[in-house]
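Me: Could you walk me through this protein fold with a few questions and answers?

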Amino acid sequence: MTRGRVVRLMEKGRRKVLLVTPFVPYEGIPHAGGSYVGRYLDELLCTHDVVIVAPDSDENRRGRDCLVARGTETVLLPSWGQAKARSARHILSVAYKVPRGSSFDPRFVHEFCRSDEVRSHAATADIVDFQWLQAAAFSSLMREWAPRAPQLLTIHDVLAQRWRRAAETAKSPAARVFFHLRMLIAHKRERRAFAAVDTVVAFSEKDKGLALDICASADVTVVRPPLEDPEAPRDTEALSELLAFRSSRPEKVVLFTAALSRPENDQAALHLVEEIWPRIAREACNARLVIAGSSPSEKLKHRVATTENASLTGYVQSFAESYRQASVVVVPLKRGAGVKFKTVEALLWGIPVVTSPVGAEGIGRSALFYRVTDDPVAFAEGVVELIVKPAPRAQLVEPSWRWAREAYSAEQFRASVAALLSE
């Protein structure tokens, strides 16, 4: 089989995709990766039959139930993903995963490898599609079970970069050593996975470059995710009305949205509350901080509860109302990797963005954002300027809004996916 050739074109009938993923999507799934898989699945189902294989969990059962009506079969295999913290299964699962950098738990791996149902679906699959690095651990098995099916791997971020940044920002020597080791492990696993599959899918040119640095022989293509929200302004008239609404509000909302269960997002929220927000609050008494997202840590809950004019929303099915009211979106990330969907979503809602370099990377030129900085003083000053100084808002946000609508539109995504599957 020619490397880089993603699909076998068939003269008749719908092709079958075997999709291996940690998460089964459903409406309102509380993280960007799961939302992407949902949009990707929408496109696949237009022209393909899809069978999903994933770990059994309450969330994935919810996703499975939502997909039944669409005729999509979901195979959920037993896992220890919901083992109680500090239980024997949880400790064993962690001990299994950490040396591998990123992995499914051992129960799921065992069940997958011995599943006659998965093997049967693989034998009739035209494409094997891995979402996230851990799914590519089954690449060699899929070569045995589906030798003629090309393999895709979508990397939602580059783990070696994530752990390198964690090592650089760690406060203790022991943590730096731990994260450095995880970086080395992730680099090795990513090099092996990128070489094993036929095509690697990245969300940005930046991630494509990182993937090629890890494995120069990999075939890497860029597919920008579709991030348009149907409730966001779709023309200049709607944008102008939304900007007028925000301008008329005496209270100015400073918004940070994130899946707070992820350590890098929790760290960013704490950094925002402890080091940036006090400077903003002193200069802009009409400002209110809103941190929107699921699963905040107890430490973050306590910090926000004891901070004036700050609040946590917890889980919300849609950030639309939060974006509608926001005067500024902040992205104070110090760690992480990959394209930050939250940053692009703010641009699509016509909101000026103050971000760290990590929050802006992989998206586009710095002129798209009001300010890009890691310095907490300069960061706070950028937010205050947007709140207290009158400015022609349309001129400030419209160029970024137009660019984001074109670069991350559903149309460009549809075209990219079609090209990916027809090469």
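Here is a friendly tour of the model, which is a predicted one.

Me: To start with the overall picture, how many helices and strands are there in the protein?
Reply: The protein has 423 residues, and buried ones make up 54% of them. Its accessible surface comes to about 18600 Å², with 52% of that belonging to carbon and sulfur atoms. As for secondary structure, the count is 18 helices and 13 strands.

Me: Of the contacts between residues at least 6 apart in sequence, what percentage join residues at least 24 apart?
Reply: Asn286 and Ile387 give a nice example of a long-range pair, since they are 101 residues apart along the chain and are in contact. Over the protein, taking contacts between residues at least 6 apart, the share that joins residues at least 24 apart is 70%.

Me: Which strands form the edges of the open sheet of 7 strands?
Reply: The strand order in this sheet is β3-β2-β1-β4-β5-β6-β7, and the pairing is parallel. An edge strand pairs on one side only, and that description fits two strands here. They are β3 (73-77) and β7 (220-222).

Me: Staying with that sheet, which residue in β7 is the bridge partner of Val200?
Reply: Strand β6 (residues 199-202) runs parallel to β7, and 3 bridges join the two. For Val200, the partner across in β7 is Val220.

Me: What angle does helix α2 make with the direction of β3?
Reply: Two helices are worth looking at here. Helix α1 (residues 32-47) lies across β1, β2, β4 and β5, and runs at about 145 degrees to β2. Helix α2 (residues 58-68) also packs on the sheet, where it touches β2 and β3. Its direction and that of β3 make an angle of about 160 degrees.

Me: Which residues have the most contacts inside the largest nonpolar core?
Reply: This core has 82 residues, and its largest share, 8 residues, comes from α11. A second, separate core of 46 residues includes Val118, Ala122, Met183 and Ala186. Back in the largest core, the residues with the most contacts inside it are Ile280, Val330 and Val383.

Me: Leaving aside neighbours within four places in sequence, which residues does Val383 contact?
Reply: Val383 is among the residues with the most contacts inside the largest core. Two of its partners, Ile280 and Val330, are on that list as well. In full, Val383 contacts Val254, Ile280, Val328, Val330 and Val354.

Me: How many of the residues of strand β11 are buried?
Reply: Strand β11 pairs in the parallel sense with β8 over 3 bridges, and Val253 stands opposite Ala326 of β11. β11 also pairs in the parallel sense with β12 (residues 353-355), again over 3 bridges, with Val330 and Val354 as bridge partners. The rest of the structure largely encloses β11, because the number of its residues that are buried is 6 of the 6.

Me: Which residue in β9 is the bridge partner of Val254?
Reply: Strand β8 (residues 252-257) and β9 pair in the parallel sense over 6 bridges. β9 is largely enclosed by the rest of the structure, because 5 of its 6 residues are buried. The partner of Val254 in β9 is Leu289.

Me: Is Asn286 buried, partly exposed or exposed?
Reply: Asn286 lies in the loop between α11 and β9. A polar atom of its side chain is 3.2 Å from the backbone oxygen of Pro250. Its relative accessibility is 29%, and the partly exposed class runs between 20% and 50%, so Asn286 counts as partly exposed.

Me: And is His271 buried or exposed?
Reply: His271 is found in helix α11 (residues 263-283). Among the residues it touches are Pro332, Lys334 and Pro376. Its relative accessible area is 7%, and buried means under 20%, so His271 is buried.

Me: Finally, which residue with a positive phi follows helix α14?
Reply: Helix α14 (residues 341-348) is mostly covered, with 7 of its 8 residues buried. Among the buried ones are Phe341, Lys342 and Leu348. After the helix comes a residue whose phi is positive, near 70 degrees, and that residue is Gly350.

Technical notes
Residues are numbered from 1 along each chain as its sequence is written. This is a predicted model: local features need pLDDT of at least 70, side-chain atom pairs count only at pLDDT 80 or more; totals for chains, interfaces and linings use all residues. Side-chain values use heavy atoms; hydrogens and water are left out. Buried means under 20% relative accessible area, exposed over 50%, partly exposed in between (1.4 Å probe, protein chains only). Helices (H or I, at least four residues) and strands (E, at least two) are DSSP runs, numbered from the N terminus. Contact means heavy atoms within 4.5 Å. Accessible areas come from the Shrake-Rupley method with a 1.4 Å probe; for residues, only the protein chains shown count as cover. A polar contact is a pair of N or O atoms within 3.5 Å; within protein, one must be able to donate a hydrogen and the other to accept it, and residues adjacent in sequence count only if both atoms are side-chain atoms. Two strands pair if DSSP finds at least two bridges between them. Axes are lines fitted to C-alpha atoms, for helices over the stretch in contact, and angles run from 0 to 180 degrees between N-to-C directions. A nonpolar core is a set of buried Ala, Val, Leu, Ile, Met, Phe, Trp, Tyr and Cys residues joined through side-chain atoms within 4.5 Å.
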